[in-house]
Amino acid sequence: MEISTTSSSAPVSDERLAEILANPGFGQFFTDHMFTAEWTPDAGWHAARIEPYGPLALDPATAVLHYAQETFEGMKAYRHDDGSIWSFRPEENAARMVRSSHRLAFPELPVDDFVQAVDALVAADQRWVPDPAGEKSLYVRPFMIATEVFLGVRPSQHVTFMVIASPAGAYFKGGVKPVTLWLTEEYTRAGRGGMGAAKTGGNYASSLVAQQEATGHGCDQVVFLDAQHGRYVEELGGMNMYFVHDDGTIVTPETGTILEGITRSSIIELAGKLGHQVEERRFSIDEWREGVASGRITEIFACGTAAVVTPVGELKWDGGSAPAPASTDLTMRIRQALVDIQYGRAEDPFGWMHRIV
Ligand SMILES: Cc1ncc(COP(=O)(O)O)c(C=O)c1O
């Protein structure tokens, strides 16, 4: 892919950038540039460019604003102690965007083009990648939107792919702390044949009211059950789940209607290497409650790009609760192993890291 570059004439000053990177929070500040490419049926992908970050001018009839034909990704760039900059399994994000694109009736963006676009933006804005202390990183958000101007329910004939980036602070300020969960029995996230496995805005829009319910009950995050039986654990609003058993076995809900997390699949490999058997299968909410009560479940954790791995604490539902399991030992070991690979502090036996700068 040929990428043209127009550099920003007003990049953020070094002083302001230092202030931002000292306390970036999450998703609040954006780098000096953005990547854009367009697709039409005749020209295919074209007009790939890096240009100054700024607002988009969209006609009010732009399809994405009405029919939510869009898909996105979330990944991070990590600075290592020697100053080099790396991403974690970017081709997996690219492949997931291809799968999401099929579900959303979008054209396919080749994996190599996706990775090249992310690399080009991160390289252009490399001064925005924070130092690794305190698990800071540059969060990268590739996304694809329907930009044809029309009202009507059919696949857009003009598609725009963009990449933006935003420095991110540590997910946990002051140390890793278990997340408390609310079990929603009213709302579901995805049904058979639906969009659960696609990373698309509609899934997140539909999760908001359930997350509001969770917050209203004093919980950090919401747990969704399957839509058909209302019985099997799917995932959290933005993380996949793992259940560690007293015989060392680890269970994670099977794929199909959940988002296939890249952290999730990495943990399957990592835990296997640590000598644990990982089962991908249906896991019922009763198994959760009974397993915690009997001590058969010794740890529960959730995982995703943002938090990497977080222990799961108390689970609450309408009329009851289940306490946090006793231990977080394996959870923290897996977390450390992943973080060490991402920040280049440990060997990368899986070949997961991709050098950008
Ligand atoms: C619904 C949902 N599940 C799981 C995940 C974890 O995926 P990943 O590990 O690729 O970040 C995310 C995060 O993007 C998510 O939004």
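Trainee: Where does the ligand sit?
Mentor: The model is predicted. A molecule is placed in a pocket if more than half of its atoms lie within 2 Å of the pocket's grid points. By that test, the ligand sits in the largest pocket.

Trainee: Which elements give two or more residues to the shell around the ligand?
Mentor: A residue joins the shell if one of its heavy atoms lies within 4 Å of the ligand. Two elements pass the mark of two or more residues. They are α6 (262-273) and β15 (297-304).

Trainee: How many residues surround the ligand, and which are the closest?
Mentor: The shell holds 16 residues. By class, five are nonpolar, seven polar and four charged. The closest are K199, Y204, E235, T263 and T305.

Trainee: What separates the side chain of E235 from a nitrogen atom of the ligand?
Mentor: E235 is among the closest residues of the shell. A polar contact needs N or O atoms within 3.5 Å. A polar side-chain atom of E235 meets that cut-off, and its distance from the ligand nitrogen is 2.5 Å.

Trainee: Which side chains have an N or O atom by an oxygen atom of the ligand, and at what distances?
Mentor: Take T263 first. An N or O atom of its side chain is 2.5 Å from a ligand oxygen. For R96, the side-chain N or O atom and a ligand oxygen are separated by 2.8 Å.

Trainee: How much of the ligand's accessible area does the protein cover?
Mentor: Start from the ligand on its own, with 390 Å² of accessible area. Then add the protein. The covered part is 94%.

Trainee: What is the volume of the largest pocket, and which residues lie nearest its centre?
Mentor: The volume is about 660 Å³. The lining counts 31 residues. Those nearest the centre are K199, Y204, G238, M239 and A306.

Trainee: Which element gives the largest share of the lining of the largest pocket?
Mentor: Elements that give two or more residues are β7 (137-146), α5 (201-216), β10 (221-225), α6 and β15. By class, the lining has 13 nonpolar, 11 polar and seven charged residues. The largest share is four residues, and it comes from α5.

Trainee: How many cavities of 30 Å³ or more does the whole structure have, and what is the volume of the largest?
Mentor: The search finds two. The largest cavity has a volume of about 110 Å³.

Trainee: Which element supplies the largest share of the lining of the largest cavity?
Mentor: The lining includes T263 and T305, which are also among the closest residues to the ligand. Its classes are five nonpolar, six polar and one charged. β5 (75-79) and α6 each supply at least two residues. The largest share, three residues, comes from β5.

Definitions and conventions
Residues numbered from 1 in each chain as written. Predicted model: local features only at pLDDT ≥ 70, side-chain atom pairs only at ≥ 80, totals over all residues. Heavy atoms only, no water. Polar contact = N/O pair within 3.5 Å; in protein donor to acceptor, adjacent residues only side chain to side chain. Areas by Shrake-Rupley, 256 points an atom, 1.4 Å probe, with all protein chains shown as cover. 1 Å grid on protein atoms, 1.4 Å probe; cavity = no way out; pocket = protein on both sides within 12 Å on 5 of 7 lines; lining within 4 Å. Nonpolar A, V, L, I, M, F, W, Y, C, P; charged D, E, K, R; others polar. Points joined across faces, edges and corners; volume = space filled by probe spheres on them.
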